[in-house]
Amino acid sequence: MDMPAPNPAILARKARMVQRLSEVLPPDAVIHDEAETRAYECDALSAYACPPMIAVLPGSTAEVSAVLRICHEEGVPVVPRAAGTSLAGGSLPTADSVILGVSRMNDVLETDYDNRVIRVQTGRTNLSVSGAVEEDGFFYAPDPSSQLACAIAGNIAMNSGGAHCLKYGVTTNNLMGVTLVMMDGTIVEIGGAHLDAGGLDLLGVICGSEGQLGVVTEATLRILPKPEGARPILVGYDSAEVAGQCVSDIIKAGVLPVAIEYMDRPCIEATEDFAGAGYPLCEALLIIEVEGSPEEIDVQLGMIKEIARKHDPVELREAQDADEAARIWLGRKSAFGAMGNINDYMCLDGTIPVSALPEVLRGMEALSKQYGLDVANVFHAGDGNLHPLILYNANTPGDLEKCEAFGADILRLCVELGGCLTGEHGVGIEKRDLMLVQYEAADLLAQMAVKDVFDPAWLLNPAKVFPLAVSETRRAVAAE
Amino acid sequence: MARPETEQDLAEVVRAATEPLRIVGGGTRGMGGAGTPLETGGLAGIELYEPGALTLVVRAGTPVAEVETALAAEGQRLAFEPMDHRGLIGGGGTPTIGGVCAGNISGPRRINAGACRDFMLGVRFVDGTGQVIKNGGRVMKNVTGYDLVKLMGGSYGTLGVLTEVALKVLPAPAETAVLRLRGLSDADAVRALSAGLTSPFEVTGAAHAPQGPGGEPETWLRIEGFAEQMSYRTGKLQGVLAPFGEVEILRDPEETASIWRWVRDVAPFHDTAGDVWRISCKPTEGPQIASRLDAAGLLYDWGGGLIWALLPEGADARARLGDFGGHATLVRGSGQRFHPEPAPIAALTAGLRAKFDPKGIFNPGLMG
Ligand SMILES: Cc1cc2nc3c(=O)[nH]c(=O)nc-3n(C[C@H](O)[C@H](O)[C@H](O)COP(=O)(O)OP(=O)(O)OC[C@H]3O[C@@H](n4cnc5c(N)ncnc54)[C@H](O)[C@@H]3O)c2cc1C
């Protein structure tokens, strides 16, 4: 993955930048020592690393504004960072950039149950937003698997999803307002506790813009009353086709589970070795969860079981209590850990129309043979979001490159079948150079036109999302 | 007037245009201001409908009714419950799906299911230079690049002419029940709606009419689901609402549907004189904000967060409201339709319009 060469003129200004930033921030909030900036050299796409020139940790919107104004005046690129769990390299620095971390801004500013909103500073972790309202019977719905670590700022930038978004939607569907600091330091309030935008839906385009339009410092989020209960069932099939058909039949029948998760055989085998959840060793395993009162759950699971049985499952197991429910989820939740235990892995994130599942799995199998690398699949089946995990060995020269080429081919296949390159992890640097597989140049120019308006100098996270060749002229202007 | 039959032809019309165009979907709202009408009705038809994947791809000029019929045949629906403006505006026309998406038109179920924009998965549109652009796709999860889909939803044609939209659809629940309270003050009604909405029983409609269909105040909460769910949830909600008065439960499909149609289409203001304003605010503040209006008629939806107000012709609702942390749109009447925006937001809006419509030909004058 290429990154633009650092601008020597900016590197030469490091001392001045440190001094100017120190004038607006507390001493411990400006990190410039080379040993310490290493802490910010990568995110969860750790194959790529580069320490920034400086990292700053402002404590308020006003401080963020002051930092951005200085960087804007000095023409220094800024890479916003929250918890650094991006799998796409979204918060990867360049050597001439300032990392702007919001991790110190993690207060709850207001909870308003009657209006079903919470306002937080965006450095707050996803799980602790739910944590703040849990005792009063509420929760924040988007639940990325990284929710213990990842922060709302990153969730907004990536429009993150989770296992339960089939029912509750992703971040954009649960975001009501933001405080956005523009690259020139201007502070803008967009949206709030009211339900829809007054003019253009700027909030809609800010969410998912990967830190390229402004720095989000506060957010108003929709919170929901917790359902009375939830219960999963586990269904195993000996063919991907049949499992896919079962998912489609459940949806067509009008039952809307909160989650339908899918694991394929390689994934089941790996997690069984690792976590011993007692999964059947079959081709396709579904975990389907529904919510409501115990009686309501019985009714819904009754309908689902009836449909599932029509397709001849090799196993159908319903959780009878909380313990069994936890066991059913155990394997799925440890899937990534299990893979990490076997080998290095790369986690992909393409989406396909649900009906294309068997085809994409067949395609992946063929590619796996061609590249000589194993792939295992976990999959949000209700919404078609695939997570193929390609196993490779980082110590074997050439393996990473082979793995990336294999991954790119899988994503091309997703697009060919009517899907997209990324369902929830974002483009970052990882899928940047594949954007032209999904979009025509004109489509990308339209997206870049939005950045031109918000950040005319292209200083915010400039080397991400768009293929470098496509964004080159714009970035070149910034570098002058 | 132009009425192209294909996206390519539409793009050609836009490319050649030197004077303003007024983009007309079904023409039910008489919006768009001056300019040569550019009708989208020639771009009609469902391109793809996969009930098992909850996805629909449809050309922008397709009548909403045609979409709803196709979905109903599979037991599905547009969950955001788009309003039909014809009765309120008093005009004719046939609402199109493109018009609904361009206006981000959502009805009572918005409070629970989300707005129209939340169901938009992908768009194709023609920008102001005649360039065809696509964004998003047909799958439910997609974060590939910027979300121009949301930007187009609610842009009222000011950034481009929609030619095709992909929508997420949902199963239509088997049954509906309505809990009705009578005689509540606006403030108590909104408290009751909040109580319902903060319960775990998934209220999918929460409205209050100071003057209901019978002239007296009526407050309604809706739940939807499968048959076995209805009695359980209505029973629980009856308990939640008990402090506010006697709760009636309505289960008749015709009757419940007609209540929500009445709310959705703002029926109390049909065949009335005066301007109609639509005010979006923090739900619990609804009654207090509405009281500043001195309105001839009011209707609250979205738990109090959406106020429909009938005012004398030419009255300036915004002046009456003062600052209130929301916005007021003039839906019927002449004057500035959209709420003026703070300077930095207005600058972003103007910047986006200049990028997407450099000739300034799309619905000039609309949206600031
Ligand atoms: C084990 C694991 C599991 C995961 N599971 C999921 C999952 O289930 N679903 C899912 O969607 N993702 C998942 N992810 C990916 C990742 O957690 C999400 O993308 C998350 O939202 C990133 O949040 P973060 O706080 O770590 O952001 P960072 O990685 O710090 O940053 C992410 C992006 O946000 C931008 N950004 C950060 N702060 C701001 C700000 N204040 N203003 C503007 N832009 C900003 C950055 O520039 C960057 O582009 C997973 C990651 C891991 C490691």
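Biologist: Which residues come nearest to the ligand?

Modeller: A residue counts as near if one of its heavy atoms lies within 4 Å of the molecule. In this predicted model, 32 residues surround the ligand, and P80(A), G84(A), T85(A), S146(A) and S160(A) come nearest. Residues are numbered from 1 along each chain as its sequence is written, chains are lettered from A in written order, local features need pLDDT of at least 70, and hydrogens and water are left out of side-chain values.

Biologist: Which kinds of residue make up that shell?

Modeller: We sort them into nonpolar (Ala, Val, Leu, Ile, Met, Phe, Trp, Tyr, Cys and Pro), charged (Asp, Glu, Lys and Arg) and polar (the others, Gly among them). Here the shell has 14 nonpolar, 15 polar and three charged residues.

Biologist: Which backbone atoms lie by the ligand's oxygen atoms, and at what distance?

Modeller: A polar contact is a pair of N or O atoms within 3.5 Å. A backbone N or O atom of S86(A) is 2.8 Å from a ligand oxygen, and one of G161(A) is 3.0 Å from a ligand oxygen. How much of the ligand is buried? Accessible areas use the Shrake-Rupley method with a 1.4 Å probe; alone, the ligand exposes 990 Å², and the protein buries 93% of that.

Biologist: Which domains of chain A does the shell draw on?

Modeller: Domain bounds come from an automatic or database assignment. Domain 1 (8–101) and domain 2 (108–225) of chain A each give at least three residues to the shell.

How values were computed
This is a predicted model: local features need pLDDT of at least 70, side-chain atom pairs count only at pLDDT 80 or more; totals for chains, interfaces and linings use all residues. A polar contact is a pair of N or O atoms within 3.5 Å; within protein, one must be able to donate a hydrogen and the other to accept it, and residues adjacent in sequence count only if both atoms are side-chain atoms.
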